[in-house]
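When a protein chain is divided into domains, it is worth asking how those parts meet. Please look at the sequence and the structure below with that in mind.

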Amino acid sequence: MKSFLDQNFLLHSKTAQDLYHNFAKNQPIIDYHNHLIPEQIANNASFENISQVWLNGDHYKWRAMRTNGVNEKYITGNASDEEKFRKWAETVPSTMRNPLYHWTHLELQRYFGITDLLSAKTADKIYADTAARLQTPEYSVRGLLKKMNVEVVCTTDDPTDSLNYHQQFAAEKESFKMLPAFRPDKAMNSDDIEALNAYINKLESVSDRSISTLQEYLDALKKRHDFFADNGCSVSDHGLEQIYAEDYTEQEIADIFAKIRARQTISYQENLKFKSAMLIYFAEWDHEKGWVQQYHLGALRNNNSRMLSILGPDTGWDSIGDFSQARALSKFLNKLDTQDKLAKTIIYNLNPADNELIATMIGNFNDGSVAGKIQFGSAWWFLDQKDGMTKQMNALSNMGLLSRLVGMLTDSRSFLSFPRHEYFRRLLCDLFGQDVENGELPNDIEEIGKIIADISYFNAKNYFKF
């Protein structure tokens, strides 16, 4: 019987162990998409206790606690940090076979050297031990990132953001980079006319110009796109249910924008056309600058309207959606490709039923100009666990080239989430190792080891060119 979370955790063969320890383990981390707070990195924030760095904002844990019968007071409510931690500790034993059980103990080990299992019995000791360490410089935000050998972090930033914290950080010449990513979802959200107008008003203020026409709107957004580029940005990101690819004319979009500014109701079809046009505008700017564009597809968000009204978005009320993806995605990518305006693109899929769909779609637009130009991104959100990652890698292996994958990302709001890269790398090595042991791949450790190192680090380094 193997020990829980030992050095060969998830590595079920000698070959897998060799691959991980010799080719994957020590590679730096390029975390090209996350939701870390730039201010905390720029100011090298410290945390008083583990609840602040581990539980705040982590809706993975919040969902598990709710399912375990924990009152909201101890999740997002006014209970003390220590009380919240105890409730999480009481929940952890019930998370067995959920990835949270692995992540929880992996993070305790990697950051704090704690090998005790977290439970009600060990909660007080672990809370005290981690609190003491978090008061030291080694456990500041930057210390935590350096502990995980992080080379680059790309935050997620709205076009109206000032990027002042990115500028502050860049001036310091730290050992790792913090770069912004352009996330214009609010700029195309015509589902809510009032919210979109409020956003346009904010953009007016930030860009110091009046916006009453579509061209003025596009000019202001393009100015922000340029500003992001001037501050080191080379990636964009969109969080969408599905790609929008309706046919439209420029005049139609101008008329729809005029309706939006006049706070008039737009039709369902006009809504789709506006979103479709905005996606094309953003994609054309990305291509012009040589950026990498990312599309996170398939989340059905804010399902619980009662709790949304109480707690707001991104608090744990989202799920996998079953949207139709293929035809619109094909049409969108094809339109850009035929105009020679298709940038390097990463498509993340949330519904495992669509894995093969995405894996084959990317092959339609990989034109040989760049290795892995169009990527099937690593399993994300509900799928960034053992089964989900393995299925994504198998689908990509069967229908594309896993060897060209740009690896893992945290997509996280927590500075303690970086062992997810290790988790991914161990599963990757286990897949290859098992194939070697089965005689399905040659026992060429150097050649396979190079593929492992590439997926873990070098592919991302060459692809993004940070």
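The paragraphs below go from the domains themselves to the place where they touch.

The model shown here is a predicted one, and the domain assignment of the protein gives two entries for it: domain 1, made up of residues 12-43 together with 147-462, and domain 2, which covers residues 45-138. If you take the centre of each domain over its C-alpha atoms, the centres of domain 1 and domain 2 are separated by 28 Å.

How many residues of each domain are in contact with the other? On the side of domain 1 there are 26, and these are in contact with 22 residues of domain 2. Between the two domains an area of about 2400 Å² is buried, and carbon and sulfur atoms give 58% of that area.

Turning to polar and charged partners, one counts 13 residue pairs in polar contact between domain 1 and domain 2, with both residues of each pair at pLDDT 80 or more. There are also two salt bridges between the domains. A salt bridge to look for in the structure joins the side chains of glutamate 422 and arginine 110, with a distance of 2.8 Å from N to O.

Which helices supply at least two residues each to the side of domain 1 that touches domain 2? They are helix H14, spanning 305-311, and helix H18, spanning 419-437. Of these, H18 gives the most to that side, with five residues. Taken by character, the residues on the side of domain 1 that touches domain 2 divide into 11 that are nonpolar, seven that are polar and eight that are charged.

Terms used
Residues are numbered from 1 along each chain as its sequence is written. This is a predicted model: local features need pLDDT of at least 70, side-chain atom pairs count only at pLDDT 80 or more; totals for chains, interfaces and linings use all residues. Side-chain values use heavy atoms; hydrogens and water are left out. Domain bounds come from an automatic or database domain assignment. Contact means heavy atoms within 4.5 Å. Buried area is the accessible area (1.4 Å probe) that two parts lose on being put together, summed over both. A salt bridge is a side-chain nitrogen of Lys or Arg within 4 Å of a carboxyl oxygen of Asp or Glu. A polar contact is a pair of N or O atoms within 3.5 Å; within protein, one must be able to donate a hydrogen and the other to accept it, and residues adjacent in sequence count only if both atoms are side-chain atoms. Helices (H or I, at least four residues) and strands (E, at least two) are DSSP runs, numbered from the N terminus. Ala, Val, Leu, Ile, Met, Phe, Trp, Tyr, Cys and Pro count as nonpolar, Asp, Glu, Lys and Arg as charged, and the others, Gly among them, as polar.
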